[in-house]
Amino acid sequence: MTSQVRGLAEAVGLPYEHKTVTLRRPWRWMPGSFAPGVLRGLTADSDALEPPWPRLLISCGRRSAMVAVALKRASGGAITTVHVQDPQIAPRHFDWVVPPRHDGLAGPNVIATRGALHRVTAEGLDAARAAPGEAWAAFPRPWIAVLVGGETQRGDLGQERLDRLVRDLREASARAGGSVLVTPSRRTGEASTRRLVEGLAEVPGFVWDGAGENPYMAMLANADHIVVSADSVSMVSEAAATGVPVYTVALGPLGQRLRAFHAALEAEGVTRPFTGELDQWSYTPVDDTPKVAAHIRGVLGLSD
């Protein structure tokens, strides 16, 4: 969620502050469209929300939706509110709602996107391309970047599927004579990360150990192929912003919305399921963030 709101704020181009809030009970249980006194329900560790009110408020997440509605009321309607993702309440409570199209949300103030908004830009990729320097020079090409998610609300990361991924990566690397560069996420867990390290020990490349800066952007910028676990719409969307071949692999159960998301990108020739085979194809990078930002700038009367 942080990547999505920051990405949109940066694309809009106004100076911004990033604030995080959480709610106490009973407010955290209330429906977003009816939460009296919600601004009094913020936990002590929440960032302060007080005048002067901003010109634009970008929110993301179900609980922040009710806070955004309350702030709009507190400002006397002066704030332009943009909610990223499905707010789980009627879009009419916001000026604009920006959900991914697989949520099926529609309306006159709804801007549906192909995937998640993000911070991956052509300029950012260019800057990250030189980041590895000599550190990766010994890794033979092609470079296969692997972005691994993990446990979700629908279940744990499947170890049998993870082992299959490791086997497919070993075979793909051997056939292509390339390297495998892996970055686990915080959801991957120690046991699964260790499994990746052990399974790929004899393959050129690395599994990021969490020390130092995450090489995520450098991997996106330099990859010849990207394999990404299908549980994360954000990671798939960021990978698809690069224009290089993107393969998805399901490491756990996928719900109906996720299946719809992947089916659409596959039908459009953006992604393919990973089977251990490496191929080449082209597509227009998936990045709706500039489009949404341009619309918001127009609403605010900002010149380009």
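Glu 160 and Arg 164 both sit in helix 4, residues 159-176, four residues apart, which is about one turn of the helix. Their side chains meet in a salt bridge, at 4.0 Å from N to O. This is a predicted model, so please hear each number as computed from that prediction. Glu 160 is exposed, with a relative accessible area of 62%. Arg 164 is partly exposed, at 40%.

Staying on helix 4, the next residue to look at is Asp 163. The side chain of Asp 163 meets that of Arg 195 in a salt bridge of 2.7 Å, N to O. Asp 163 lies in helix 4 and Arg 195 in helix 5, so this pair ties together parts that are 32 residues apart in sequence. Asp 163 has a relative accessible area of 25%, which makes it partly exposed. Arg 195 is partly exposed as well, with 36%.

Helix 5 takes us to the sheet. Helix 5 covers residues 190-199 and lies across strand 4, strand 5 and strand 6. Its direction runs at about 160° to strand 6.

Now the sheet itself. Six strands form an open sheet, in the order 6-5-4-7-8-9, and the pairing is parallel. The edges are strand 6, residues 205-207, and strand 9, residues 271-273; each of these pairs on one side only. On average, neighbouring strands of this sheet are turned by 25° against each other, direction ignored.

Take strand 4, residues 143-148. How many of its residues are buried? Six of six, so by the cut-off of under 20% relative accessible area the strand is mostly covered. That holds for both faces. On one side are Trp 143, Ala 145 and Leu 147, and on the other Ile 144, Val 146 and Val 148, all of them buried.

Strand 4 has a partner on either side in the strand order, strand 5 and strand 7. Six bridges join strand 4 to strand 5, residues 179-184, and the two run parallel. In that pairing, Val 148 has Pro 184 of strand 5 as its bridge partner. With strand 7, residues 225-229, strand 4 pairs over four bridges, again in the parallel sense. There, Val 146 stands opposite Val 227.

Moving along to the strand 9 edge, strand 8 is residues 246-249, and it pairs with strand 9 in the parallel sense over three bridges. One bridge partner pair is Tyr 247 with Arg 272, the latter in strand 9. Helix 8, residues 256-267, packs on the sheet here and touches strand 8 and strand 9. The direction of helix 8 makes about 115° with that of strand 9.

Back to charged pairs. A search of the whole structure finds 13 salt bridges. One of them joins the side chains of Arg 141 and Asp 224, at 2.8 Å from N to O. Why does this pair tie together parts that are 83 residues apart in sequence? Because Arg 141 lies in the loop between helix 3, residues 122-128, and strand 4, while Asp 224 lies in the loop between helix 6, residues 216-222, and strand 7. Arg 141 counts as partly exposed, at 43% relative accessibility. Asp 224 also counts as partly exposed, at 24%. Elsewhere, Arg 101, Arg 114 and Glu 268 are linked in a network of salt bridges.

Last, the two helices numbered 1 and 9. Two packed helices are described by the angle between their axes and the distance between the axes. For helix 1, residues 2-12, and helix 9, residues 289-300, the axes come within 8 Å and cross at roughly 55°. That makes helix 1 oblique to helix 9. The crossing is right-handed. From helix 1 the contact is made by Gly 7, Leu 8, Ala 11 and Val 12. Helix 9 contributes Thr 289, Val 292, Ala 293, Ile 296 and Arg 297.

One more residue in helix 9 is His 295. Which residues does His 295 touch, not counting those up to four places away in sequence? Trp 96 and Ile 111. The C-alpha atoms of His 295 and Ile 111 are separated by 9.3 Å, although the two are 184 residues apart along the chain. His 295 counts as partly exposed, at 34% relative accessibility.

Note on methods
Residues are numbered from 1 along each chain as its sequence is written. This is a predicted model: local features need pLDDT of at least 70, side-chain atom pairs count only at pLDDT 80 or more; totals for chains, interfaces and linings use all residues. Side-chain values use heavy atoms; hydrogens and water are left out. Buried means under 20% relative accessible area, exposed over 50%, partly exposed in between (1.4 Å probe, protein chains only). Two strands pair if DSSP finds at least two bridges between them. Axes are lines fitted to C-alpha atoms, for helices over the stretch in contact, and angles run from 0 to 180 degrees between N-to-C directions. Contact means heavy atoms within 4.5 Å. Angles under 35 degrees count as roughly parallel, over 145 as roughly antiparallel, 65 to 115 as roughly perpendicular and the rest as oblique. A crossing is left-handed if the near helix is turned anticlockwise from the far one by less than a right angle, and right-handed if clockwise.
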